[in-house]
Structures are given as structure tokens and as C-alpha cells.
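Dear colleague,

I am handing over the structure below, and after it you will find some notes on what turned up when I went through it. Please read them alongside the coordinates.

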Amino acid sequence: MLPPDNHVHSEYSWDALAGSMERTCERAVELGLPSVAFTEHADFSISEMTPETWFPEQWQRYVEVVDGRSILTPPAIDLTNYLETLERCRDRFPTLRILSGVELSEAHWFPDQTADLLQRGGFQRILASLHTSSARDEDYADITVSIKRSDPIAEYRGYLAEMVRLIEEYDGFEVLTHIDYPVRDWPHERIPFDLSAFEGDIRLVLRTLARAGKIMEFNTRIPLDPRVVGWWRQEGGRGVSFASDAHVPEAVASGFQEAAEVARAAGFKPGADLFDFWVRD
């Protein structure tokens, strides 16, 4: 059996334009997944949309021109309808464990907003993510944009350093997401990506995460390099959470078979029951 998918988005994530909680559950049942967690985006940072920044037309409603700058402000989660749809899916798919969840972006920058959302949401899966390497007193820019504008090596190093600060400054999560997020948009045409150049930076993140007693996410949006999973175990990591980061129903559990093999080879195995994180051998 495939592992649980602990990081899935539905129509209640503002950037999941083709998301559907019901169709995602249908797909999960077809695949025989034990469970899925709908971890919708909670983004409190604003972002300037420059002329070279492409974004879907549907996002235009979130953009406002301020002092000549186009500023995108992500909307809040529609918590009422999200929870209602979650309960409807639980009734319709009784063989699938369906967890509520949230993906908190830069939670250490927004403690008040984050605490309020968690109190109201009562989420079962809480993910911490980082989508920027910018300092908190600077303009926010998603690293998938900034990494193309400037030195990608410096950007990724800054991203990893900020990830350490996130872990140290915010304790209200259980899983750290996509440590390789910037690699998704790495400008390979300008400079080849060399994971070994970041080993020390990545190990510091993993060591900090292990000491905090948290879980590392094995995100399959792009294949996580097996070396990272091995470093996680070497640095004392106690568990792995599998995540498709699906924004469309067809992507749920994508790449999980291969990911499970990598995790086993690195020394992790299924937990005490089908719904647990994978743990160290």
C-alpha cells in the first residue's frame, strides 16, 4: 500500500485553480491510499507582480495597484466552506481517512495571524513552509521569481538560512515542507544545479529540524534527491512525511512508489499503522 499523502491542495487553496476536494478523494480511493490531508495555503505575505512575472488571469482579482506597484495579496482560506466540504467528503468516502490541514507560509513572520487561524481551524496536519528568501523587512518575492533575477546560489543559501530561522522561531508545526522548493525553478540555462554545493546548508536545516523533534517532508512535486533523505537520517531525523503537493486531483500520490523505495533505502519504514508518518528503522 502507498503511504498517506499529507500535503494536498483543493479549491480552497487560492492558487489551486483546478483543485477539487471531492475529485481528489475519488482519485485517492482509486489508488488505495490510506489517507489524505488537505493542507490549504495560508499566505500572509504580499508580493509585487513585476512585468516579467507571469501569473494566471484569475489572480488579477487579488492584485491592487499601490503607488504605481502591482501588489498581490493572497486571500484568506474560506474556512467555513472548507470545513463543510471536508465533512461532506468524509461522509461520501468512509474508507478514506481525510484530515484537515494547513500550509503556513513564513509562520515565524506572522505569529498573530497564524495563531488566530490555527485556533479557528483546529487542523489535524500543520505544515510549515517557506516560499521566499527575502528578509522580513524587505518586499516579499517568491523565490521561484527571485532566483531567476539574481544569483541562484546566493538565493538558495539565503532560503536555507531563513528555513533555520523558521524552525528556531516557530514551534507550532509538525512537518517542514519542500526543502528543495527553489530547485523547481532553478535557472539551469545559466548555471547547473549542484546539490553537493549546498550539503552543509541543507544539513544545518535538517539538524535543526531533528533537534526540534519535527518531521521532514518527502515532497514528490519534483523527485527529492535520495542524498537529502540519507542526510536527514544521519542528522537524527525521526520520521518522513510523504507529500505530492498536488494542486489538481490527478497529481495526488504522484511518485509515491519511487519515493517509498528511496525512504526504505535510507533507513525509514512504515509506522505503527497505515496512517502514521514513516519512522527510522
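On disulfides, this predicted model holds zero of them. C25 takes part in no disulfide, and the nearest cysteine sulfur to its own is that of C89, 4.2 Å away. Seen from the other side, the sulfur of C89 has its closest cysteine sulfur in C25, and the separation of 4.2 Å is too far for a bond, given that a disulfide requires the two sulfur atoms to be within 2.5 Å. As a reminder, a disulfide is a covalent bond between the sulfur atoms of two cysteines. C25 counts as buried because its relative accessibility is 0%, and C89 likewise counts as buried because its relative accessibility is 0%.

These two cysteines also appear in a helix contact, in which M21, E22, C25 and E26 of α1 meet Y82, T85, L86, R88, C89 and R92 of α2. Sorted by class, the residues of this contact comprise five nonpolar, one polar and four charged. Helix α1 covers residues 21–31 and helix α2 residues 79–92, and the two pack at an angle of about 30° with their axes 10 Å apart. The two helices are therefore roughly parallel to each other, since angles under 35 degrees are counted that way. Their crossing is right-handed.

A second helix pair may be worth setting beside this one. Helix α7 (residues 226–234) packs against helix α8 (residues 256–266) at an angle of about 40°, and their axes lie 9 Å apart, which means that α7 is oblique to α8. The crossing of α7 past α8 is right-handed. On the α7 side the contact is made by P226, V229, G230 and R233, and on the α8 side by V262, A263 and A266. By class, this contact has five nonpolar residues, one polar and one charged.

Lastly, a note on T73, which sits in the loop between β5 (69–72) and α2. Is T73 buried, exposed or partly exposed? With a relative accessible area of 42%, T73 is partly exposed. Leaving aside residues up to four places away in sequence, T73 touches I46 and Y62. The C-alpha atom of T73 is separated by 29 Å from that of F242, with the two residues 169 residues apart along the chain.

With best regards

Definitions and conventions. Residues numbered from 1 in each chain as written. Predicted model: local features only at pLDDT ≥ 70, side-chain atom pairs only at ≥ 80, totals over all residues. Heavy atoms only, no water. Axes fitted to C-alpha atoms, helices over the stretch in contact; angles between N-to-C directions. Helix = DSSP H or I, 4+ residues; strand = E, 2+ residues; numbered from the N terminus. Parallel < 35°, antiparallel > 145°, perpendicular 65-115°, else oblique. Left-handed = near helix turned anticlockwise from the far one by under 90°. Contact = heavy atoms within 4.5 Å. Nonpolar A, V, L, I, M, F, W, Y, C, P; charged D, E, K, R; others polar. Buried < 20%, exposed > 50% of the residue type's maximum accessible area, 1.4 Å probe, protein only.
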